[in-house]
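Here's a quick briefing on how one helix sits in its fold, and what it packs with. Have the sequence and model open as you read.

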Amino acid sequence: MTTLFTPAEVRNAAELLASHSLIRLVTEIDDNGAIPPRRLAAILPDLSSHQLRRAIEEAHAHGLVRTVPGAGLELSESGTELADLYDAAARWARRHGYPAAVCEFSSRIRHVLDLLAPSLASEHADGVPRPNAADELSNTEAEAGLARPRGLLIQWLTGNPQVTVVPEPESTA
């Protein structure tokens with residue numbers, strides 16, 4: 001298989017996509033439509049104002065949302081595709097009781113992304129989950145079921161390379 005992403009690119013993308021705040025923002029808009037800016041805090045009361053502001057900044061910076069006058073914050077095409085990825089990951093996790101039979105939606109997504117991330121790195125680009133992740137899967141049906149979320153993740157990352165960009169270290173000079 002061809003090289004997909006460097007380990008640093010995968011780590012950067014997984015860190016962003018697994019953010020509880022971003023998951024909540026994207027899935028809330030996906031489920032309920034555009035959110036007027038003044039209603040964000042009331043609609044997402046589990047997020048602090050800092051978390052909410054950071055999620056909105058990240059979502060705007062990566063082209064996941066746009067502000068529409070009169071409607072509010074809505075998902076872009078890229079944001080809608082990410083919501084589809086989140087749904088597929090959560091569906092797989094629920095079906096296989098991963099990471100536990102009862103688990104929060106965003107936690108399921110974070111765990112699935114953690115499970116998939118190593119298989120996307122260039123030195124593991126054969127698509128097989130690596131130790132630690134693979135050890136947690138109890139059967140080949142569960143592993144095979146990861147093909148859809150993994151395919152959606154690869155497709156999404158390929159179409160949104162800005163989330164894989166590794167920030168340059170700040171110089172101290």
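Val 10, Ala 13, Ala 14, Leu 16 and Leu 17 are the buried residues of H1 (buried is under 20% relative accessible area, exposed over 50%, partly exposed in between, with a 1.4 Å probe and protein chains only). They sit on the same side of H1, because they cover an arc of only 160° around the axis, taken from the directions from the helix axis to the C-beta atoms. This is a predicted model, where local features need pLDDT of at least 70 and side-chain atom pairs 80 or more, while totals for chains, interfaces and linings use all residues. Residues are numbered from 1 along each chain as its sequence is written, and side-chain values use heavy atoms, leaving out hydrogens and water.

**Around H1**
- Turned away from the buried side are the exposed residues Arg 11 and Glu 15.
- The buried residues of H1 pack against H2, H4, H5, H6 and H9, with contact meaning heavy atoms within 4.5 Å.

**The core**
- The largest nonpolar core has 50 residues, and Leu 17, Leu 25 and Leu 157 touch the most other members; such a core is a set of buried Ala, Val, Leu, Ile, Met, Phe, Trp, Tyr and Cys residues joined through side-chain atoms within 4.5 Å.
- H5 gives the most to this core, with nine residues.
- Not counting residues up to four places away in sequence, Leu 157 touches Phe 5, Ala 13, Leu 17, Leu 120, Val 163 and Thr 164.

Note on methods
Helix = DSSP H or I, 4+ residues; strand = E, 2+ residues; numbered from the N terminus.
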